[in-house]
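Take a walk through this fold, from one ring pair out to the sheet and its helix. Keep the model open as you read.

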Amino acid sequence: MAEALKGSCMCGACKSTATPTVGGLGAGACHCGMCRKWSGGMYLSVDCGSSVKFDEGAPVGSYKGSEWGERLFCRECGSSLLWQTQDGQNQHVSIQAFDDPGQFEIGVQVFIDKKPGNYALAGETKTMTEAEVFAMFAPDADPS
């Protein structure tokens, strides 16, 4: 079983622990338009199942960007913390929120068909299109 890791936002008000999943999506990059606007570039995250726990009183804000997904952020400093399905069962924590973000190897790129042409990741990764992501997380949602 993977180990619980500590993390926080930029100002330290939102401290958390999360356990990366074994056999899940692992660490990846999202290229969807919402993630790019939210993070200022591709959103790098690690699949943590439903394991994220914030310290009591953490000023966590939520933005529901769709009928099925939401983004959590620090209401004090604005740091992007995680994307999750609204039921909290699929949490993808920003690798930058962890104390050691360099420990994660990016193995998957999602919304690859939405990636702008002005950047690329080095090395081989698994890729998933918008349709494949919607089929995995929101099979009843309309991606259009």
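Are Phe-98 and Phe-104 buried or exposed? In this predicted model, both residues are buried. Their ring centres lie 5.3 Å apart and the planes stand at 50°, so the pair is tilted.

That pair is one of five aromatic pairs. Another joins Trp-68 and Trp-83. Here the centres are 5.8 Å apart and the planes meet at 75°, so the geometry is edge-to-face. Trp-68 sits in the loop between E6 and E7, while Trp-83 belongs to strand E8, so the contact ties together parts 15 residues apart in sequence. Trp-68 and Trp-83 are both buried. Ring pairs also draw in Phe-111 and Phe-134, giving a cluster of Trp-68, Trp-83, Phe-111 and Phe-134.

Now the sheet. Eight strands form it, and it is open. Their order is E6-E7-E8-E9-E4-E3-E10-E11, with mixed pairing. Strand E6 (60–63) and strand E11 (126–128) are the edges, each pairing on one side only. Neighbouring strands are turned by 30° against each other on average, direction ignored.

Look at one junction within it. E7 and strand E8 (residues 80–85) run antiparallel and are joined by five bridges. Phe-73 has Ser-80 of E8 as its bridge partner.

Glu-70 also lies in strand E7, which spans residues 69–74. How exposed is this acidic side chain's residue? Its relative accessible area is 6%, so Glu-70 counts as buried. The Glu-70 side chain makes a polar contact with the side chain of Ser-62, at 2.4 Å. Beyond residues up to four places away in sequence, Glu-70 touches Ser-62, Tyr-63, Lys-64 and Gly-65, and also Leu-82, Trp-83, Gln-84, Thr-85 and Gln-86. Trp-83, from the ring cluster, is thus among the contacts of Glu-70.Last comes helix H2 (residues 130–137). H2 packs on the sheet and touches E8, strand E9 (91–94), strand E10 (106–110) and E11. The direction of H2 makes about 80° with that of E11. Which residues of H2 are buried? They are Glu-130, Val-133, Phe-134 and Phe-137. These four cover an arc of only 100° around the axis, which puts them on the same side of H2. An α-helix has 3.6 residues a turn, so residues three or four places apart point the same way. The cover over the buried residues of H2 includes E8, E9, E10 and E11. On the face turned away from that buried side, H2 carries the exposed residues Ala-131 and Ala-135.

Note on methods. Residues are numbered from 1 along each chain as its sequence is written. This is a predicted model: local features need pLDDT of at least 70, side-chain atom pairs count only at pLDDT 80 or more; totals for chains, interfaces and linings use all residues. Side-chain values use heavy atoms; hydrogens and water are left out. Helices (H or I, at least four residues) and strands (E, at least two) are DSSP runs, numbered from the N terminus. Buried means under 20% relative accessible area, exposed over 50%, partly exposed in between (1.4 Å probe, protein chains only). A polar contact is a pair of N or O atoms within 3.5 Å; within protein, one must be able to donate a hydrogen and the other to accept it, and residues adjacent in sequence count only if both atoms are side-chain atoms. Contact means heavy atoms within 4.5 Å. Two strands pair if DSSP finds at least two bridges between them. Axes are lines fitted to C-alpha atoms, for helices over the stretch in contact, and angles run from 0 to 180 degrees between N-to-C directions. The arc is that of the directions from the helix axis to the C-beta atoms. Rings of Phe, Tyr and Trp (its six-membered ring) pair if their centres lie within 6.5 Å; planes under 30 degrees apart count as stacked, over 60 as edge-to-face and the rest as tilted.
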